[in-house]
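User: I've got a protein model open and I'd like to get to know it. Can we go through it with some questions?

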Amino acid sequence: MIVNGVTDAKTEMMDCQPEINTQRHVYQVDTLSANNNVPAAADRRPVIKKPPKKKWKCTDYVRKTIPSIDWLFLNYRWSQDFAEDTMAGIAVAVLNIPQGMAYSILGNVEPTVGLYMAVFPVLVYSLLGTSRHISLGVLSVLCLMTGKVVTTYATEGAEDDPTLGGYTAIQVATAVTLVAGLVQLLMYVFRLGLLCTVLSETLVSGFTASVAVIVFTSQLKELLGVDVARRHGMMQVPNTFFDFFDRFHTINWATTTVSVITVTILLVYSKYLKERINSRLCMPLPIELIITVFATALFQVTTIAQDYNMVQMGEIKSGLPAFEVPPIKLLSAVFVDACVIALVAYSITMSLALLVAEKLKYPLDTNQELLAQGLGNVVGSFFSCLPSGASPSRSASQQSVGGKTQMASIVSAAIIVVVLLWIGVVFEPLPRCVLSSIIVVALKGLLMQVLNFPEIWRKSKTDGTVWMVTYVTVIMLDIDSGLLIGVVVSLLIVFIKGVLNEVHVLGRLPDTDLYVRLDLYAVAVEIPDVKIVRYAGSLNVINRYMFKKKLIEVTRDYDDGASATTLTVTVIDGKNPTGGRCPARCLVLDMAALQYADAAGVKMFSESIESLVSDGYEVYLAAVPDSSLEYIRCNNDVKSVRFFPTVHDAVVYHQCSSKKNQDSTYDTQPSKTPIGL
């Protein structure tokens with residue numbers, strides 16, 4: 001092969017195109033294999049030999065199961081990384097305080113539960129996880145989903161009066177956490193780390209955007225002080241808005257004013273001041289914590305909340321939670337909901353972990369992540385925790401401040417322990433509307449994802465369909481039902497696209513050996529007396545009749561215009577090109593895009609080819625993938641079919657054969673005829 005290209009750097013700047021000039025023989029697949037000593041299928045050996053298996057020792061398994069042995073106890077760089085990890089831990093802790101108390105409201109449990117979640121699951125993950133930067137703890141989606149289960153199974157007033165029987169809110173929540181953790185551990189045992197791929201990025205985007213709408217709707221009561229009952233189940237968003245407008249006359253204007261002021265401050269800071277201020281500081285300014293502390297102090301020294309009947313946080317327990325096993329009898333009742341929560345928690349956490357790991361170029365173990373998150377939830381269930389997940393805001397803060405390892409999470413957990421022991425009770429006078437305002441502003445990015453839908457639809461109609469179906473069904477029906485429908489639609493689209501096939505007629509770009517779709521390239525022309533068809537897709541029991549139908553349509557169109565065909569030989573053989581009428585017909589099937597073929601598909605393929613041959617066609621198969629070539633040849637009873645490595649080989653072979661039949665003086669072997677481009 002002779003390649004004339006421009007290699008000089010200055011010449012590459014010039015307005016010229018490199019050229020490729022090739023001169024070789026026309027090959028059939030068998031000739032190509034014979035000339036290059038390709039062994040028979042039975043004699044082939046793998047190109048790359050597998051390295052001998054390493055004999056694992058017990059210590060190897062322990063170090064793989066507990067990654068912190070390497071990065072924390074053996075290789076941690078205390079002089080270089082500890083200072084940055086400490087700053088990152090402080091930054092995460094100051095975010096955890098307002099977010100933990102705020103998101104606990106979504107789970108229908110006490111505010112301190114969110115702070116517990118910043119300790120126990122975090123410590124377990126920091127020892128067992130493989131991501132260096134994600135921050136586990138409260139996550140709005142998981143808290144909301146758990147809150148729905150709590151409302152369903154908890155007995156109202158059971159916390160204050162044990163004689164009522166039933167289950168308290170925290171008992172239901174910890175039962176969900178325990179089952180979710182056990183499900184994740186079971187997934188780890190069966191190596192199902194890749195199961196998170198069931199939830200595609202598009203589906204997760206539509207799901208989180210819709211859940212943000214539900215969270216926003218659920219906070220209207222706290223934001224405006226309207227006296228309405230919290231809705232759950234089917235049609236909760238429409239019903240909540242109906243109740244809101246029906247009871248709008250009960251609005252608390254003092255609560256509304258505080259909410260508007262809080263939301264305004266947070267939005268103005270985020271839009272105009274955040275980048276300027278944080279660029280001058282060593283760590284992000286904890287605006288949420290500052291507002292929480294200021295509001296707590298304001299309502300501690302004044303009687304505004306009492307005078308205007310504003311709902312406050314109330315009693316906050318100090319100290320760490322006691323060890324308590326969740327009710328075993330409740331596990332079967334919450335099993336289905338907990339399974340969904342476990343899958344959503346793992347998918348969202350892994351999506352964030354993979355994003356950060358790809359950005360910072362370090363590996364992740366998807367199955368090890370299941371162990372870390374599952375065991376973290378199991379341990380957390382014994383200490384009054386809800387199911388945990390990675391928070392985008394806290395993870396971004398941990399990474400942007402300069403955190404290097406999960407030592408940052410350990411530092412953050414230590415700070416939260418101090419808050420729980422001595423500082424938590426300080427926040428009792430805080431109005432709940434302040435925390436609801438923090439939640440709503442934190443959801444701004446998720447709520448605005450709906451504006452990305454036109455771009456998603458423009459790029460891919462199928463992705464747009466999955467996004468919108470998930471978004472609408474979650475809002476109009478329920479979280480679980482909407483997610484299930486979204487997953488089913490996503491898998492159904494994947495299945496349909498897997499069985500669909502495409503058949504396109506190809507033409508040749510002038511003066512090249514490139515064959516492209518005629519409907520896309522206006523300059524491409526069909527080769528006289530040759531019909532070139534590209535098949536893309538699988539060839540299986542489901543789409544075999546679809547393949548036959550499309551092939552019949554293509555050949556029928558060809559038959560309609562075949563009578564007036566004039567053959568022009570483009571092979572350069574030292575003589576002038578000749579032309580003339582030729583009654584022969586040729587069909588070249590470009591099979592380069594064949595993905596998979598099964599027995600039923602190959603049988604129909606053979607029958608279709610046999611029918612074409614009996615109708616007088618010469619059928620050539622070009623560029624059949626190696627994975628399907630032997631299978632098709634072994635199951636193809638049509639012996640007259642020829643196989644070629646490229647479409648151009650098949651076209652030139654046919655032209656040479658046709659010219660030989662017309663010109664008795666043409667005595668050169670077709671497979672030895674050089675071609676010129």
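Analyst: Sure, here come some questions and answers on the sheet, the salt bridges and the surface; just keep in mind that this is a predicted model.

User: Let's start with the open sheet. In what order do its six strands come?

Analyst: Strands in a sheet pair through backbone hydrogen bonds, and they can do that parallel or antiparallel. Here the pairing is mixed. Going across the open sheet, the order is 6-5-7-10-11-12.

User: Which strands stand at the edges?

Analyst: Look for strands with a single partner strand, so that one side is left without a neighbour in the sheet. That fits residues 515-517 and residues 642-644. These are strand 6 and strand 12.

User: By how many degrees are neighbouring strands of this sheet turned against each other on average?

Analyst: For this one you ignore the direction of the strands. The average turn between neighbours in the sheet is then 35°.

User: And which residue is the bridge partner of Leu621?

Analyst: Strand 11 covers residues 617-622 and pairs with strand 12 in the parallel sense, over three bridges. The partner of Leu621 sits in strand 12. That partner is Phe643.

User: Helix 26 lies across some strands. At about what angle does it run to strand 11?

Analyst: Helix 26 is made of residues 599-614. It lies across strand 7, strand 10 and strand 11. Against strand 11, the angle is about 145°.

User: On to charges! How many salt bridges does the count come to?

Analyst: A pair gets in when a side-chain nitrogen of Lys or Arg is within 4 Å of a carboxyl oxygen of Asp or Glu. Arg63 and Asp70 make it, for example, at 2.4 Å from N to O. By this rule, the count is 13.

User: In the salt bridge of Asp81 and Arg77, is Asp81 buried or exposed?

Analyst: The two side chains meet at 3.2 Å, N to O. Arg77 has a relative accessible area of 42%, so it counts as partly exposed. Asp81 has 6% relative accessibility, and because the cut-off for buried is under 20%, Asp81 counts as buried.

User: How many residues apart are Arg534 and Asp590?

Analyst: Their side chains meet in a salt bridge at 3.3 Å, N to O. The pair links distant parts of the chain, with Arg534 in strand 7 (residues 530-539) and Asp590 in strand 10 (residues 585-597). Along the chain, they are 56 residues apart.

User: Which residues are joined into one network by salt bridges that share partners?

Analyst: Think of salt bridges linked up through shared partners. The residues joined this way are Lys148, Asp478 and Asp480.

User: Now the surface. About what area does the nonpolar patch with Leu320 have?

Analyst: Leu320 sits in the loop between helix 15 (304-307) and helix 16 (335-360). With 42% relative accessibility, Leu320 counts as partly exposed. Its patch partners are Val418, Leu421, Trp422, Ile423, Val425 and Val426. Together they make a patch of about 600 Å².

User: One last thing: what distance separates the C-alpha atoms of Cys339 and Val179?

Analyst: Cys339 is in helix 16, and at 24% relative accessibility it counts as partly exposed. Along the chain, Cys339 and Val179 are 160 residues apart. Their C-alpha atoms, though, are separated by 7.3 Å.

Terms used. Residues are numbered from 1 along each chain as its sequence is written. This is a predicted model: local features need pLDDT of at least 70, side-chain atom pairs count only at pLDDT 80 or more; totals for chains, interfaces and linings use all residues. Side-chain values use heavy atoms; hydrogens and water are left out. Patches are made of residues with over 30% relative accessible area and no salt bridge: like charges are joined within 9 Å, nonpolar side chains (Val, Leu, Ile, Met, Phe, Trp, Tyr) within 5 Å. Accessible areas come from the Shrake-Rupley method with a 1.4 Å probe; for residues, only the protein chains shown count as cover. Helices (H or I, at least four residues) and strands (E, at least two) are DSSP runs, numbered from the N terminus. Buried means under 20% relative accessible area, exposed over 50%, partly exposed in between (1.4 Å probe, protein chains only). Two strands pair if DSSP finds at least two bridges between them. Axes are lines fitted to C-alpha atoms, for helices over the stretch in contact, and angles run from 0 to 180 degrees between N-to-C directions. Contact means heavy atoms within 4.5 Å.
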